[in-house]
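Good morning, and thank you for making room for this on the agenda. I would like to walk through one structure with you, taking a few places in turn and asking what can be said about each.

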Amino acid sequence: MADIQGSYDDLFTAVPNALSALLDEGDAGASVAVFVDGEPVVDVWGGFADADRSIPWQRDTITSVWSVTKTMTALCALILADRGGLDLDAPVGHYWPGFARAGKEKVLVRHLLAHTAGLPDWDGPVEELYDWPSATARLEAQTPQWEPGSAAGYHSLTQGFLVGEVVRRITGRSLGEFFAEEVAGPLGADFHIGLPAEHDGRVALAIPPSSQDEDYAASAPSSKAPPTAATRIRVRDGNSVAWRRAEIPAANGFGNARSVGLVQSVMACGGAVRATRLLSRSGCDRAREEQFSGEDRLLGMPIRWGMGYGLFGNTYGWGGWGGSLVVIDPEIRMTVAYVTNQMREPADDNRGLEMVMAAYDGLQGLRT
């Protein structure tokens, strides 16, 4: 079996075993963390940080978690709302006057978080994603594809700019700065939205599926998803220095399972981890307020959207292109995070769910 590093409670042996099995099957590298009551009961990693399998995955290895970043952006908005600085029911134009045109006058802040604003497609050049003023100016000019609030369509890249610009207008700080100062800093979490050059040496670049190369592009997980005019994002884009330096708050967060699990444990534990409180219990509960239930126009599959998170029964969270995932269970105060550099085709990828089920196996023993 593949060698697994780190530590774990004996009751949660199924988690490192599951990770070892994935590495034996050919995955390059990954990390998994399980937090219960804000404390780590699993913090393990293994495999390699590069496609050549020459650089071992280390404790401090970080990688792109793609759309798991959306859970961090949502948390920032919820914190700001909990402090009274952001009204989730207010028109976006209240904070961002230039946005209120071209049919967007009735777009509410909660529509941005719930993918119901009607602005799902990034249709500009990839390079424009790296320039915040250009990206937000493009979104200012867009016309909604549907009546805001009436339908959902996954805002895979646009959501981060939309929410991030609202945060910037209120706080004077970029989303990445707000996250670093108000979330990652107080928690001591090694997660970054926009990565400084000093961290480049420990980044595990994304590795496309075995049958693909770096031109492999993101796509909807369902074959039922309609064709889109959106600009295609390739693995080579996500592996570029320009991507790392930019702030793309829907998609370019870098971290490991430990940092993802630690941050989102705030949501699992009623707003506080250890001695650090980021928001109230009622502020956390807002994440689970259902905003939409039905067929997502872009994903081509049924989904329930809460306030910035996908809702799944009693749990919530979200996954990223390539397989990374975070699941939050506030009823039992548990968070499970899986972060990998090894991409698989979305239709064939259940790795994150395997980790979640393995964690529940351990939790049963912990509660008995």
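Let me begin with a cysteine: is C269 buried or exposed? With a relative accessibility of 5%, C269 counts as buried, and I should say at once that this is a predicted model, so that you hear every value that follows as a computed one. C269 takes part in no disulfide, since the closest cysteine sulfur, which belongs to C284, lies 8.8 Å away, and a disulfide here would require the two sulfur atoms to be within 2.5 Å. C76 is likewise in no disulfide, the nearest cysteine sulfur again being that of C284, at a distance of 13 Å, and C76 is buried too, with a relative accessible area of 0%. Taken over the whole model, the count of disulfides comes to zero.

From the cysteines I move to helix α7, which covers residues 175-187. How far apart should its ends be, and how far apart are they? The 13 residues of α7, at 1.5 Å a residue, should span 18 Å, and the C-alpha atoms at the two ends are 17 Å apart, which agrees. Even so, α7 has a kink of about 30° in it, centred on E181. The residues of this helix that are buried are L175, G176, F178, F179, E182, V183, A184 and L187. As a general point, an α-helix has 3.6 residues a turn, so residues three or four places apart point the same way. As for what lies against them, the buried residues of α7 pack against the helices α2 (69-82), α6 (158-171) and α10 (257-268), and also against the strands β5 (192-193), β8 (272-273) and β9 (276-277). Just beyond the end of α7 comes G188, which adopts a positive phi of about 70°.

One of those partners, α10, holds the next residue I want to show you, namely M267. M267 is buried, at a relative accessible area of 2%, and if we set aside its neighbours within four places in sequence, its contacts are L75, L78, L279, C284, A287, Y309, Y316, I328 and P330. You will recognise C284 among them, as the residue whose sulfur is the nearest one to that of C269.

Now to a sheet, which is open and has four strands in the order β5-β7-β4-β6, with mixed pairing. Which strands stand at its edges? They are β5 and β6 (203-204), each having a single partner strand, so one side of each is left without a neighbour in the sheet. Strand β4, residues 62-64, is joined to β6 by two bridges, and the two strands run parallel; within this pair, T63 has A204 of β6 as its bridge partner.

Finally, two residues deserve a look for their backbone angles. H115, although it is not a glycine, has a positive phi of about 60°; it sits in the loop between α4 (109-113) and α5 (132-141), and with 1% relative accessibility H115 counts as buried. R333 also has a positive phi of about 60° without being a glycine, and its place is the loop between β14 (325-329) and β15 (334-340). Is R333 buried, exposed or partly exposed? R333 is partly exposed, its relative accessible area being 29%.

Notes
Residues are numbered from 1 along each chain as its sequence is written. This is a predicted model: local features need pLDDT of at least 70, side-chain atom pairs count only at pLDDT 80 or more; totals for chains, interfaces and linings use all residues. Side-chain values use heavy atoms; hydrogens and water are left out. Buried means under 20% relative accessible area, exposed over 50%, partly exposed in between (1.4 Å probe, protein chains only). The expected span of a helix is 1.5 Å times one less than its number of residues. The bend at a residue is the angle between axes fitted to the seven residues ending there and the seven starting there. Contact means heavy atoms within 4.5 Å. Two strands pair if DSSP finds at least two bridges between them.
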